[in-house]
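Q: I have a fold on screen and want to learn to read it feature by feature. Where do I begin?

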Amino acid sequence: MRRTVALAAAVTALLLPVSAHAAPARAAAPGARLTLTVREALDALTVAEEDTTEYKRSYFRHWIDADRDGCNTRQELLLEEAVEAPEQGARCKLTGGRWYSAYDDTFIDGASGLDADHRVPLDEAWDSGATGWTAQERQDFANDLGDPRSLIMVSAASNRSKGGKDPAQWQAPGGGDRCEYNTEWIVVKTRFRLSVDPAEKTALGSELADCPNEEFTVELAR
């Protein structure tokens, strides 16, 4: 399952005549495609205090080989996002290659210095609605190659600095990524019908105040 396929689908969706004032995600069925401006999408998210039920990373099975081609989700992401392609060996072992980490605006040689980051961290998803999901839904979220905005390769240092923090608690140190980071946070929360807490919503609005209020199209995953 290559992210190029998902990206092509997203681009195709942008070219289709979908209303810019589609119903909020909470009123649409899984598989529905919504086209919203960033601010419309932020306003449509449910605002709720976070669920403090104990989180365990094992609740989200991740880095599976969904299409059984020998490459797991992380390896698929590495292959797709490489700016200089790595060599691919047996069992999808990758050597060499170069990647760009948008969070800290730096290039990284070799995959060992990289993490596959969930734009919305797993524990943030847990706190924002995933406590009520099935195991399959949590697996789907953790391995979402169906939308190229769900996962991103970044430096291990920046990903671990971010941890499970939301935009009220952490912003990427490479300031050039600010608009994209906050926009794609909203996209993922819309795609999976996750809520935002009051401080998180305020931070997103503040961070996006000087960013273009562009339209995006997203397919609801659940």
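The dialogue below goes from the whole chain to single residue pairs.

A: Begin with the kind of model. This one is predicted. Then take the overall counts and work inward.

Q: How many helices and strands are there in the protein chain?
A: The protein chain has eight helices and eight strands.

Q: What share of the residues is buried?
A: Of the 222 residues in the protein chain, 46% are buried. The cut-off for buried is under 20% relative accessible area.

Q: How much area does the protein chain expose, and what do carbon and sulfur atoms supply?
A: About 10500 Å² is exposed by the protein chain. Carbon and sulfur atoms supply 50% of that area.

Q: What do the contacts say about sequence separation?
A: Take the contacts between residues at least 6 apart in sequence. In the protein chain, 70% of these join residues at least 24 apart. Here is one pair to look at in space: Glu 40 and Glu 214 are 174 residues apart in sequence, yet their C-alpha atoms are 9.9 Å apart. Glu 40 lies in helix H2, residues 38-44. Glu 40 counts as partly exposed because its relative accessibility is 24%.

Q: Now a strand. Is S1 mostly covered or mostly open?
A: Look at its residues one by one. In a regular strand, side chains alternate between the two faces of the sheet. Strand S1 spans residues 33-37 and is mostly covered, with four of its five residues buried.

Q: Which strand is joined to S1, and in what direction do they run?
A: S1 is joined to strand S8, residues 215-219, by five bridges. The two run antiparallel. To find the register, pick one bridge: Leu 36 has Phe 216 in S8 as its partner.

Q: How do I read a hairpin, and what lies between S4 and S5?
A: Check the pairing, then the turn. Strand S4 (residues 98-101) and S5 run antiparallel, joined by four bridges. S4 and S5 form a hairpin with four residues between them. In the turn, Asp 105 has a positive phi of about 50 degrees.

Q: Which residue in S5 is the bridge partner of Tyr 100?
A: Phe 107 is that partner. Phe 107 lies in S5, which covers residues 106-109.

Q: Which residues make the nonpolar surface patch of about 270 Å²?
A: Val 83, Tyr 100 and Phe 107 make this patch. So the bridge partners Tyr 100 and Phe 107 also share a surface patch, and Phe 107 is partly exposed because its relative accessible area is 44%.

Q: Next, a helix. How does the reach of H7 match its expected value?
A: Compare the end-to-end C-alpha distance with 1.5 Å a residue. Helix H7 (residues 178-191) has 14 residues and reaches 20 Å from first C-alpha to last, close to the 20 Å expected.

Q: How many residues of H7 are buried?
A: H7 is mostly covered, with 11 of its 14 residues buried. Among them are Trp 185, Ile 186, Val 187 and Val 188, but also Lys 189 and Arg 191. Just after H7, Arg 193 has a positive phi of about 55 degrees.

Q: What holds charged side chains together, and how many salt bridges are there?
A: Look for a Lys or Arg nitrogen within 4 Å of an Asp or Glu carboxyl oxygen. The count comes to 12 salt bridges. In one of them, Glu 124 and Lys 189 meet at 2.7 Å, N to O. This pair links distant parts of the chain: Glu 124 in helix H4 (residues 122-127) and Lys 189 in H7, 65 residues apart. Both residues are buried.

Q: Are Asp 147 and Arg 149 buried or exposed?
A: Asp 147 counts as buried because its relative accessibility is 4%. Arg 149 counts as buried too, at 15%. Their side chains meet in a salt bridge of 2.8 Å, N to O.

Q: Which residue forms a salt bridge with Arg 178?
A: Glu 207 does, with the closest N and O atoms 4.0 Å apart. Arg 178 lies in H7 and Glu 207 in helix H8 (residues 198-207), so the pair ties together parts 29 residues apart in sequence. Arg 178 counts as partly exposed at 26% relative accessibility, and Glu 207 counts as partly exposed at 22%.

Q: Which residues do shared partners join into one network?
A: Salt bridges that share partners join Arg 119, Asp 177, Glu 180 and Glu 184.

How values were computed
Residues are numbered from 1 along each chain as its sequence is written. This is a predicted model: local features need pLDDT of at least 70, side-chain atom pairs count only at pLDDT 80 or more; totals for chains, interfaces and linings use all residues. Side-chain values use heavy atoms; hydrogens and water are left out. Patches are made of residues with over 30% relative accessible area and no salt bridge: like charges are joined within 9 Å, nonpolar side chains (Val, Leu, Ile, Met, Phe, Trp, Tyr) within 5 Å. Accessible areas come from the Shrake-Rupley method with a 1.4 Å probe; for residues, only the protein chains shown count as cover. Buried means under 20% relative accessible area, exposed over 50%, partly exposed in between (1.4 Å probe, protein chains only). Contact means heavy atoms within 4.5 Å. Two strands pair if DSSP finds at least two bridges between them. The expected span of a helix is 1.5 Å times one less than its number of residues.
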